[in-house]
Amino acid sequence: MTNVEVLLGENRKFYPPKSLVENSNIKQWMDTHKITDLETLYKRSRDIEWFWGEVEKDLVEWYSPYGKILDDSNKPFYRWFTNAGYNIVHDALDRHMKTSIKDKIAYIFEMEDGRVTNITYSDLYKDVNKLANALKELGVGKGDRVAIYLPMIPALPTSMLACAKIGAVHSVVFSGFSAHALKDRIIDSGARTLITADGFWRKGKIINLKEQADEAVKGTGIENVIVYDWSHCDVPMRKRDTWCHDITTPQSTECETEIMDSSDPLFILYTSGTTGKPKGVEHVHGGYAVGVSQTLKWVFDLKPEDIWWCGADIGWITGHSYIVYAPLILGVTSVLYEGAPAYPEPNRIWEMIARHRVTVFYTSPTAIRMHMRFGDEWAKKDDMSSLRLLGSVGEPINPEAWMWYYINIGNSRCPIMDTWWQTETGCIIISPLPILPTKPGSAALPLPGFNAQVQDRDKNPVIDKGGDLVLTTPYPSMLCTLHNEPERYIEHYWDKSGMFICGDIARVDSEGYFWVQGRGDDVLNVSGHRIGNSEVESALVSHSYVSEAAVVGRPDDIKGESIAAFVVLKIGVEQSEGLKQELREHVAREIGKIARPEYLYFVNDLPKTRSGKIMRRVVRSAIITHDVGDLSTLANPEAVEEIEKALG
Ligand code: WT7
């Protein structure tokens, strides 16, 4: 056994500092509920209606009371806090105007060039109201979908909140996605309004976003494009385009918040699935508000004096939940950063933590591994003493990266919350708490109020064996459906016994700790972002020279997985390095840079079943384990040799 193994053995535990435990939000809640130990807390919270009914009281304010805590009469379309009058913006902004939070900083916003703007809750409230009024004037109302394609600038949370305020449903598309990906999402959501910006800064250069947006809206139902004047780059304005400041400047800083039903949709966020078409995950106002604020309060233990930094992009669920909605509901101060993480120097993030006195920091294993590679000296330059808790999300964190983060960033005194969840769950589900011992590489336990299991193929719960991760009970922030595809929602996620299938493979150890190993289906996880193998394959075959393609993940030391593509060209097309490059760029244009295949190989054939289906499993084993296993169902075993030859 090497030293690392001794250090990282499965039962190696790290205990949180006593003061953290004593002062934690969860401990305080246990005290007021006369619960003296964790075992009782976990046991009692298995009564999910009791639990969520108790916690919501401290988190949200309904306009009118709910009927039932949980209505499960139309499974799997669960409804929480039924028939309550509600709008999440009331809790995120409106009610703070009556307290001292009004003058507190909501966002410490830092541009890539280092300029900092402090945005108070009341600044944000006014900006949101002005935009909400302007949207109304353009004819946007309750239930209308609004597409948002913006970088990490204050306009992004402002736009989301303005939509929610008037009851419109926002559909944010990550600004790194291509015109093509944006177009698909606009069409699927049926949005008639798009909010975007001229451009933004990335590694010292301006990225022109409006060009992409112009390309995307062609042939869609978009009638109005609202453009933020941000990077002042030259953009052509068309008849349907309006500068944001032109329509917001004349507006009032007050706007009445639309009273919604707690189960009305708040947003759609597209995520990759096993088939080509992304899934429009829909979340509601009420349950989502309760789920995200509860988990932020307990897992990251946020108090009024904390400076919180979630380093994700708002274009993904992590940013929706833990940069926009949950921190605003809790009334805390967040850092919002526009630029690249290691720019201009590798220690940009650590230097910002020191300068803004960040107390709780949340990032991804990919980012941690990237910083590990820069070398420890870059992590030692800055004063990390303000930190008290750390977090990780998006993919399994390998114990080595966990230890590096713990020692170098947390100075061996900040517990790491390795949080497991998904776009579909809306909030953290499996995670340590600041009062629990942590094990490097394990996301610990389902939080109080949530229940999960690992099952074998026969759907029996298993301990200490790999299996499918399922959620056994509903919870308030769960997705309510897939936009326009209720059937797909039922079929894709729910099994016959009413359990939610997450698509991940995991293992539960003898102490009940969960070890999530990764996706079990044909979905890649590149730098903590889900990309469907089939999405990349369809992008490749959309190129006029490509006949067939198989895309698989290849383990990558930094990114978790990198994309490898095997491409069969059309007859008569010549293979060349130039074409490889062109195809990689083609995927970047079709989906976004994040989906660009790292490896691309030309082959004459792909392994197929007798019915002609490409067997990704075989391709994957050829590249990863070099052992392709049972090939009896394969129609063309010679294709495997092709692949092995291509790999060299
Ligand atoms: C998938 C969800 C949750 C927000 C970011 C990604 C993987 C996420 C962990 C973790 C192991 C994790 C899972 C999951 N994942 N967190 N702590 N440990 N795996 O959201 O794009 O919906 O992806 O990310 O495979 O299913 P997403």
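Here are four short exercises, each with a worked solution, on the predicted model shown above.

Before you start, note that residues are numbered from 1 along each chain as its sequence is written. The model is predicted, so local features need pLDDT of at least 70 and side-chain atom pairs count only at pLDDT 80 or more, while totals for chains, interfaces and linings use all residues, and side-chain values use heavy atoms, with hydrogens and water left out.

**Exercise 1. Work out how the radius of gyration of the protein fits that of a compact globule.**

Step one: take the expected value, near 26 Å for a compact globule of 648 residues. The rule is 2.2 Å times the number of residues to the power 0.38, and the radius is taken over C-alpha atoms.
Step two: set this beside the value for the protein, 24 Å, which agrees.
Step three: add the burial, which takes in 62% of the 648 residues. Buried means under 20% relative accessible area, exposed over 50% and partly exposed in between, with a 1.4 Å probe and protein chains only.

**Exercise 2. Trace the open sheet of eight strands and find its edge strands.**

Step one: read the order, β12-β11-β8-β6-β7-β14-β15-β25, with mixed pairing. Strands are DSSP runs of E with at least two residues, helices are runs of H or I with at least four, and both are numbered from the N terminus. Two strands pair if DSSP finds at least two bridges between them.
Step two: look for strands that pair on one side only; these are β12 (241-243) and β25 (481-482).
Step three: follow β11 (residues 224-228), which pairs with β12 in the parallel sense over three bridges. Val227 has Trp243 in β12 as its bridge partner.

**Exercise 3. Find the surroundings of helix α15 (residues 365-374).**

Step one: pick out its buried residues, which are Pro365, Thr366, Ala367, Ile368, Arg369 and His371.
Step two: see what they pack against, namely α14 (348-356), β18 (360-363), β19 (389-393), α17 (399-409) and β31 (560-569). Contact here means heavy atoms within 4.5 Å.
Step three: move just past α15 to Gly375, which takes a positive phi of about 105°.

**Exercise 4. Identify the residues that touch the most other members of the largest nonpolar core.**

Step one: a nonpolar core is a set of buried Ala, Val, Leu, Ile, Met, Phe, Trp, Tyr and Cys residues joined through side-chain atoms within 4.5 Å.
Step two: among the 130 residues of this core, the answer is Tyr322 and Tyr325.
Step three: not counting residues up to four places away in sequence, Tyr322 touches several residues, among them Val292, Trp308, Tyr362 and Trp421.
Step four: a second, separate core of 41 residues includes Val173, Val526, Leu579 and Val587.
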